[in-house]
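This note is addressed to a colleague who is beginning to read protein structures. Please keep the sequence and the model in view while working through the numbered points.

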Protein chains: 2
Amino acid sequence: MRDNPQFSTRQRILGAAEELFAERGFAAASLRQVTAAAKVNLAAVNYHFGSKNNLIEEVFRRRLDELSQRRLERLADVAQSESTTLETLLDAFITPALELSLDREGGSVFMRVLARAFAEHNSNLRRFLSKNYGYVLKDFAVAFARLLPQLDKEELYWRLDIAVGALTYAMADFGMIQRRSGESERAHRENMAKHLIHFTAAGLRA
Amino acid sequence: MRDNPQFSTRQRILGAAEELFAERGFAAASLRQVTAAAKVNLAAVNYHFGSKNNLIEEVFRRRLDELSQRRLERLADVAQSESTTLETLLDAFITPALELSLDREGGSVFMRVLARAFAEHNSNLRRFLSKNYGYVLKDFAVAFARLLPQLDKEELYWRLDIAVGALTYAMADFGMIQRRSGESERAHRENMAKHLIHFTAAGLRA
DNA sequence: CTAGACTTCAAACGGCTGTTTGAAAATTTT
DNA sequence: AAAATTTTCAAACAGCCGTTTGAAGTCTAG
């Protein structure tokens, strides 16, 4: 999509920006680099998005709208069931991200962009994410609380916070474990998700 | 230290750079911002460090040399003992970082800088860190392997990778949990370390 | 086919970037 | 105290930054 002429200027800019933001960060990736990668005129960014900041927010919006919806759908599927476990709840949170990262070209890149948003102490970006997508985490927290009645509120929040950290770090592929040469990207990521769920469930239950 | 005239130009630059790198990232923090915060002439960075890249590496070196040494000292204390547990091993890894983050002015800031190094996909920086400090993680991995003989090598590495992610994220204070108003910085961080060890030990043992 | 709206384009704006320079100042050595 | 060395300084370098402009090009509705 990044430079495929069959996609619109808007989409090509978003794709190129996503890749360069993941690779170099929001500040270091310049609009000239983005528009060159998208094979688009420099002024197109300000024409279609208004500013670099708006472009950054659109990069998040494009992926997070769908990701949040899928997570909440999965949550609705499992939350009420009597047989729900920590593992199925974690799966409901992780699988949509896993699918996104395997899905279309550029999906895997977005998880790195998302992790960068945590590293950036940028308060505007944090406010944007919290305001627009904070309710997803809140809904999941309620579901986890039902499964972990022995934990008081403070204890639960500490554990969820640590769990989110492990998920963020792993899904962004920040770790040292590289994909083995004979292994497909899909197999690698599914393997990672499996370990992630196992580890995190144990940590929450401890 | 950042602008205290009693410190040397070199130290003032390192202190200011650390703060600004943590706050804005390596690319977005400019040498003009750094030298202004350090109350030092712009050219001093290139005179004392040669380049911005060298300055970045020196910011890491200053803290990591001591941090690595303390971690290995603690590891040596507990590794051979028969009564070693996962918790004492994790404590040996985390406590030096905790002390650093509570210690002198700017120590807590450095953990954020370190976490940024993970978010940056910068291969030069990764190579620098792996080359100079990778042996610390390796030594700890050996000690963990002895305590977790039921895990094969691949399983162990996955879990350690996830554990490092949780530690990195938490120590950098990326999470949503804020220090409570009545709570001291020290109490907050010690509380975090306690939860971190408990959670991670359970994940490793699962 | 033409009028109007939408999109693309090259060029330029002021401002900030890392780095270099050579002279001035401060410090250390003789 | 003089000479030599180290450190600081203001100024300038080329180059990239996000954004704006107004004209040229493309598309669509009447």
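1. L196(B) makes a suitable starting point. Leaving aside residues up to four places away in sequence, L196(B) touches I162(A), I94(B), A166(B), L167(B) and A170(B). Two residues are in contact when their C-beta atoms, placed from the backbone, lie within 7 Å. L196(B) also belongs to the largest nonpolar core, which has 112 residues; those with the most contacts inside that core are A166(A), L196(A), A166(B) and L196(B). A nonpolar core is a set of buried Ala, Val, Leu, Ile, Met, Phe, Trp, Tyr and Cys residues joined through C-beta atoms within 7 Å. In soluble globular proteins, nonpolar side chains tend to be buried together.

2. The basis of these statements should be clear. This is a predicted model, in which local features need pLDDT of at least 70 and side-chain atom pairs count only at pLDDT 80 or more, while totals for chains, interfaces and linings use all residues. Residues are numbered from 1 along each chain as its sequence is written, and chains are lettered from A and ligands numbered from 1 in the order in which they are written.

3. How many helices and strands are there in chain A? Chain A has nine helices and zero strands, and its pattern along the sequence reads α-α-α-α-α-α-α-α-α. Helices (H or I, at least four residues) and strands (E, at least two) are DSSP runs, numbered from the N terminus.

4. The overall dimensions of chain A come next. Its C-alpha atoms fill a box of roughly 55 × 40 × 30 Å along the principal axes. Chain A has a radius of gyration of 18 Å, which agrees with the value near 17 Å for a compact globule of 206 residues. The radius is taken over C-alpha atoms, and the globule rule is 2.2 Å times the number of residues to the power 0.38. Of the contacts in chain A between residues at least 6 apart in sequence, 64% join residues at least 24 apart.

5. Burial is judged by counting neighbours. A residue is buried if 20 or more other C-beta atoms lie within 10 Å of its own, exposed if 12 or fewer, and partly exposed in between, with C-beta atoms placed from the backbone. Buried residues make up 39% of the 206 residues in chain A. In helix α6 (residues 107-119) of chain B, the buried residues include F110(B), M111(B), L114(B) and F118(B). The cover over the buried residues of α6(B) includes α6 (107-119) of chain A, together with α1 (9-24), α4 (52-79), α5 (86-102) and α8 (153-171) of chain B.

6. Which elements of chain A supply at least two residues each to the side that touches chain B? The contact takes 34 residues from chain A and 34 residues from chain B. On the side of chain A that touches chain B, α6, α8 and α9 each supply at least two residues. The most come from α8(A), with eleven residues. By class, this side of chain A has 19 nonpolar, nine polar and six charged residues. Ala, Val, Leu, Ile, Met, Phe, Trp, Tyr, Cys and Pro count as nonpolar, Asp, Glu, Lys and Arg as charged, and the others, Gly among them, as polar.

7. The two chains may now be compared. A turn of 180 degrees and a shift of 0.0 Å along the axis lay chain A on chain B with an RMSD of 0.1 Å. The two copies are thus related as by a two-fold rotation axis. The same surface serves both copies, since 100% of the contact residues of chain A recur in chain B. The superposition is by least squares on the C-alpha atoms of residues with pLDDT of at least 70 in both.

8. Both chains take part in the surface near DNA strand D. Of the 16 residues around this strand, S30(A), L31(A), S51(A), T9(B) and N41(B) come nearest. A residue is near a strand if its C-beta atom, placed from the backbone, lies within 6 Å of it. α2(A) gives the most to this surface, with three residues.

9. Around DNA strand C there are also 16 residues, of which T9(A), N41(A), S30(B), L31(B) and S51(B) come nearest. Here α2(B) gives the most, with three residues.

10. One backbone detail deserves attention. D173(A) is not a glycine, yet its phi is positive, near 60 degrees. D173(A) lies in the loop between α8 (153-171) and α9 (185-205) of chain A, and counts as partly exposed because it has 19 C-beta neighbours inside 10 Å.
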